[in-house]
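Work through the exercises below with the model open. Each task is followed by a stepwise solution.

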Amino acid sequence: MNRKKVMTALATAATLTLLMTSCANQAATPGSTSAAAGGSGLNLDVPVLTSIETPKDAVLPAGDGKATCAATTTLAYIGAETGANAQLGINIFNGIQLAINQHNEANPGCQVAFKKFDTEGDPTKATGPVTQATKEEDIIGVIGLPFSGESKATGNIFEQVKMVHITPAATNPGLTTNGWTTFFRGLGNDAVQGPAAAKFMTGTLGAKQVYLVQDDSDYGIGLGGTTTEALGDAMVGSDKVTTGQKDFSATISKIINSKADAVFYSGYFAEGAPFNQQLVAKGFKGAFVGPDGVKDDQFIKQAGDASNNAFFTCPCIPGELIPTFADAYKTLTNADPGTYSIEGYDAATVLLSGIDKGNQDRAKLLEFVNTYDASGLSKHYKWDDKGELQAPAVYGYRVKDGKIVPIGPIGE
């Protein structure tokens with residue numbers, strides 16, 4: 001893909017000192033250490049990224065304003081709108097809505113309708129909404145599903161009716177090994193993110209001993225596996241937790257005893273937030289690193305001050321650093337772009353571009369995406385025969401002053 005030229009600006013950052021006698025229930029300060037964190041210093045004074053360059057030839061939803069289409073032409077979002085991790089889905093939905101709004105405002109002759117179907121992010125509940133959507137003939141393309149488990153459970157339904165669907169968020173590598181011809185991934189998978197996360201922890205952060213904890217989702221299991229392999233001897237232990245778990249004391253005892261100076265949590269923020277909160281309360285002074293499923297403002301809201309020790313890895317672009325997108329998104333939602341907002345926007349733009357070029361049934365739109373080769377605001381979109389993008393970037397993020405901020409590409 002066309003990698004973004006990243007312009008990093010060194011943020012003003014005070015040198016962080018070692019805190020050896022912090023109160024056990026005080027949130028970890030980046031850069032601090034203690035016996036509970038293995039007794040060795042971490043390099044957590046990572047500069048904040050303040051701007052990125054976007055492709056000058058990026059395809060935008062408005063197109064040339066001359067498109068025509070039937071009034072019944074419809075795109076759909078299928079994914080979480082409610083449920084424990086709904087915010088990740090809402091971020092995507094809002095990005096899609098913005099793209100469709102911009103398209104329809106510019107193209108009076110082609111007013112694309114937009115429908116949404118709630119899966120709650122639950123694989124066992126996702127088959128119903130997907131089946132319903134595929135039976136509605138006016139729907140010719142879908143953005144979703146956000147989560148790997150529900151994507152795995154529903155891929156065959158899309159395949160049976162040959163309906164194109166672009167996921168802006170599902171990262172389990174196995175999703176593109178099922179022989180599906182209708183599934184396209186709008187970001188890098190966990191075979192890319194896992195090694196990048198390992199390199200970030202042992203390289204940039206300087207972690208010597210990493211403890212890995214994964215949940216029981218397809219996403220958590222897949223990413224846990226690729227990260228484990230990449231960590232090698234740096235991983236001093238691992239444990240498993242379950243969706244909906246509230247008490248993490250048994251796992252935390254293992255972490256404290258291991259003297260790990262970093263913890264990697266492979267899962268979602270609904271469990272990641274209370275886990276890190278309890279971890280810090282038990283005296284852990286190292287770094288907490290979570291992937292894209294944890295990278296959300298809800299993590300900070302739920303973890304409170306404990307989130308000060310948190311870093312994130314994500315095959316997502318910081319849309320908040322693209323002024324035109326960020327301003328329009330905030331006008332629509334009264335909020336800053338979240339994780340995968342820009343990916344949802346770009347995925348919708350791909351399908352809207354196809355519609356504008358006359359690909360206005362399922363078969364034609366699927367073929368259009370198969371041969372697509374153009375840049376969006378977040379990255380270049382060109383898929384291989386399995387529906388994977390080539391050489392996608394993985395970005396790092398950190399919590400600073402109560403907000404999640406980008407620190408630039410990692411793992412390169």
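**Exercise 1.** What distance separates the centres of domain 1 and domain 2, taken over C-alpha atoms? Then describe the contact of the two domains.

Solution. The model is a predicted one.
Step 1: take the bounds from the domain assignment, which gives 74–189 + 318–392 for domain 1 and 191–316 + 395–410 for domain 2.
Step 2: over C-alpha atoms, the centres lie 27 Å apart.
Step 3: domain 1 puts 23 residues into the contact, and domain 2 puts in 21 residues.
Step 4: about 1800 Å² is buried between the domains, with 54% of this area from carbon and sulfur atoms.
Step 5: the rule finds 1 salt bridge across this interface.

**Exercise 2.** Characterise the largest pocket by volume and by lining.

Solution.
Step 1: the volume is about 590 Å³.
Step 2: the lining has 25 residues, and Asp297, Asp336, Pro337, Gly338 and Ile404 lie nearest the centre of the pocket.
Step 3: helices H1 (86–106), H8 (297–303) and H9 (323–333) and strand E16 (403–409) each give the lining at least two residues.
Step 4: sorted by class, the lining holds 10 nonpolar, 8 polar and 7 charged residues.
Step 5: domain 1 and domain 2 each contribute at least three lining residues.

**Exercise 3.** Repeat the analysis for the second largest pocket: what is its volume, and which residues are the closest to its centre?

Solution.
Step 1: this pocket holds about 330 Å³ of space.
Step 2: it is lined by 17 residues, with Asn85, Gly121, Asp122, Thr243 and Tyr268 the closest to its centre.
Step 3: the class counts are 4 nonpolar, 6 polar and 7 charged residues.
Step 4: each of domain 1 and domain 2 supplies at least three residues of this lining.

Terms used. Residues are numbered from 1 along each chain as its sequence is written. This is a predicted model: local features need pLDDT of at least 70, side-chain atom pairs count only at pLDDT 80 or more; totals for chains, interfaces and linings use all residues. Side-chain values use heavy atoms; hydrogens and water are left out. On a 1 Å grid over the protein atoms alone, a cavity is a set of points where a 1.4 Å probe fits but cannot get out, and a pocket is an open set with protein on both sides within 12 Å along at least five of seven lines; lining residues have an atom within 4 Å of a point. Grid points are joined across faces, edges and corners, and a volume is the space filled by probe spheres set on the points. Helices (H or I, at least four residues) and strands (E, at least two) are DSSP runs, numbered from the N terminus. Ala, Val, Leu, Ile, Met, Phe, Trp, Tyr, Cys and Pro count as nonpolar, Asp, Glu, Lys and Arg as charged, and the others, Gly among them, as polar. Domain bounds come from an automatic or database domain assignment. Contact means heavy atoms within 4.5 Å. Buried area is the accessible area (1.4 Å probe) that two parts lose on being put together, summed over both. A salt bridge is a side-chain nitrogen of Lys or Arg within 4 Å of a carboxyl oxygen of Asp or Glu.
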